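Open the structure in a viewer and keep the sequence panel in sight. The tour below says what to select at each stop and what is found there.

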Amino acid sequence: AAAIVFGSSRYPIKMAGTATSACALLNDSTVQCWGENSTNGQLGYGDLTDRLAPSGTGITLGLNATDISGHASSATSTTSEGNYCAVLSDATVKCWGRGTRGAIGDNGAVDRSSPTATVAIGFNSSNVYVGREFACAKSTTGFIKCWGRNTNGQLLNGSITQMNSAANCKTTVTGAHTAAVTTITVASTTNCPVISATGKGKIVIGTEVICYTGKTATTFTGATRGCDGTTASAYVGAEVV
């Protein structure tokens with residue numbers, strides 16, 4: 001197969017994709033995208049034109065990018081819909097693509113074919129994680145806010161209400177956790193955390209691991225269940241969570 005060409009001396013340092021498109025964060029801190037674009041402008045170039053390859057021109061972010069994430073908007077592999085988010089050099093986040101479930105985070109619920117609005121997160125972001133029609137940002141000190149689709153409690157804010165702007169994730173199981181979130185483990189098709197019948201998720205707070213299997217974090221009193229099966233994943237004191 002022929003190599004993908006991004007331009008002279010340019011190469012990817014991180015990749016993200018939906019079912020039918022892809023974006024690359026390059027070593028010059030620009031983002032180039034290609035693939036299907038005709039449904040909601042998920043390539044971020046301000047149009048609905050499909051692209052068979054990177055054009056050599058980065059999408060207009062306003063600043064250099066430091067992180068990128070993307071996800072399809074459906075479980076089916078044939079959909080061209082999806083959305084992406086990027087963290088910029090000033091630690092802000094911009095998103096683009098399908099937005100009807102609030103995944104753009106600009107307090108609206110419409111598609112955006114270019115990353116024009118900055119998500120009002122309220123902290124400096126280091127990373128962004130995009131799930132199916134929702135997204136989460138992690139702060140430089142490790143705390144998390146999410147926005148978008150919340151039909152199964154994906155945003156973990158104590159509700160199943162769609163959030164068109166960033167809202168705090170709740171990271172309490174049996175009392176307040178004051179340590180910062182250090183990692184988000186992605187399972188199945190969602191993040192921060194995974195709420196589904198088949199895909200379990202976890203976030204790591206300090207040295208603690210919290211598993212999510214429903215709208216709220218579940219605490220188990222015996223070594224009977226872990227994040228992804230029947231083996232305990234981690235202990236918090238004497239409890240298995």
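Which glutamate does the side chain of arginine 98 meet in a salt bridge with a distance of 3.1 Å, N to O? Select arginine 98 and glutamate 81: their side chains form that salt bridge. Keep in mind while looking that this is a predicted model.

**Stop 1: arginine 98 and its partners**

Arginine 98 sits in the loop between β6 (93-97) and β7 (125-131), and glutamate 81 in the loop between β4 and β5, so their salt bridge ties together parts that are 17 residues apart in sequence. Arginine 98 is buried because its relative accessible area is 18%, under the 20% cut-off. Glutamate 81, with 22% relative accessibility, counts as partly exposed.

Now add glutamate 133 to the selection. Arginine 98 forms a salt bridge with this residue too, and the closest N and O atoms are 2.6 Å apart. Glutamate 133 belongs to the loop between β7 and β8 (134-139), while arginine 98 is in the loop between β6 and β7, so this pair ties together parts 35 residues apart in sequence. Glutamate 133 has a relative accessibility of 3% and counts as buried.

Select arginine 149 as well to complete the group. Glu81, Arg98, Glu133 and Arg149 are joined into one network by salt bridges that share partners. Side chains of opposite charge can pair when their charged atoms come close. The structure holds seven salt bridges.

**Stop 2: aspartate 67 and lysine 14**

Clear the selection and pick aspartate 67, which lies in strand β4. Where is its salt-bridge partner? Aspartate 67 pairs with lysine 14, and the closest N and O atoms are 2.5 Å apart. This pair links distant parts of the chain: aspartate 67 is in strand β4 (residues 65-72), lysine 14 is in strand β1 (residues 12-17), and the two are 53 residues apart.

Are these two residues buried or partly exposed? Aspartate 67 is buried, with a relative accessible area of 4%, whereas lysine 14 is partly exposed at 32%.

Next, show valine 128. Its backbone nitrogen lies 2.9 Å from a polar atom of the aspartate 67 side chain. Aspartate 67 and valine 128 are 61 residues apart in sequence, but their C-alpha atoms are 6.8 Å apart in space. Leaving aside neighbours within four places in sequence, the contacts of aspartate 67 include Leu25, Ala86, Val87, Ser126 and Asn127. Cys85 is also among them, and the tour goes there next.

**Stop 3: cysteine 85**

Select cysteine 85 in strand β5 (residues 82-88). Its relative accessibility is 0%, so cysteine 85 counts as buried.

What does cysteine 85 touch, not counting residues up to four places away in sequence? Among its contacts are Asp67, Ile68 and Ser69, then Val93, Lys94, Cys95 and Trp96. Others include Ala103, Val128, Ala135 and Trp147.

Finish with valine 130, another residue that cysteine 85 touches. Cysteine 85 and valine 130 are 45 residues apart in sequence, and 6.9 Å apart in space from C-alpha to C-alpha.

How values were computed:
Residues are numbered from 1 along each chain as its sequence is written. This is a predicted model: local features need pLDDT of at least 70, side-chain atom pairs count only at pLDDT 80 or more; totals for chains, interfaces and linings use all residues. Side-chain values use heavy atoms; hydrogens and water are left out. Helices (H or I, at least four residues) and strands (E, at least two) are DSSP runs, numbered from the N terminus. Buried means under 20% relative accessible area, exposed over 50%, partly exposed in between (1.4 Å probe, protein chains only). Contact means heavy atoms within 4.5 Å. A salt bridge is a side-chain nitrogen of Lys or Arg within 4 Å of a carboxyl oxygen of Asp or Glu. A polar contact is a pair of N or O atoms within 3.5 Å; within protein, one must be able to donate a hydrogen and the other to accept it, and residues adjacent in sequence count only if both atoms are side-chain atoms.
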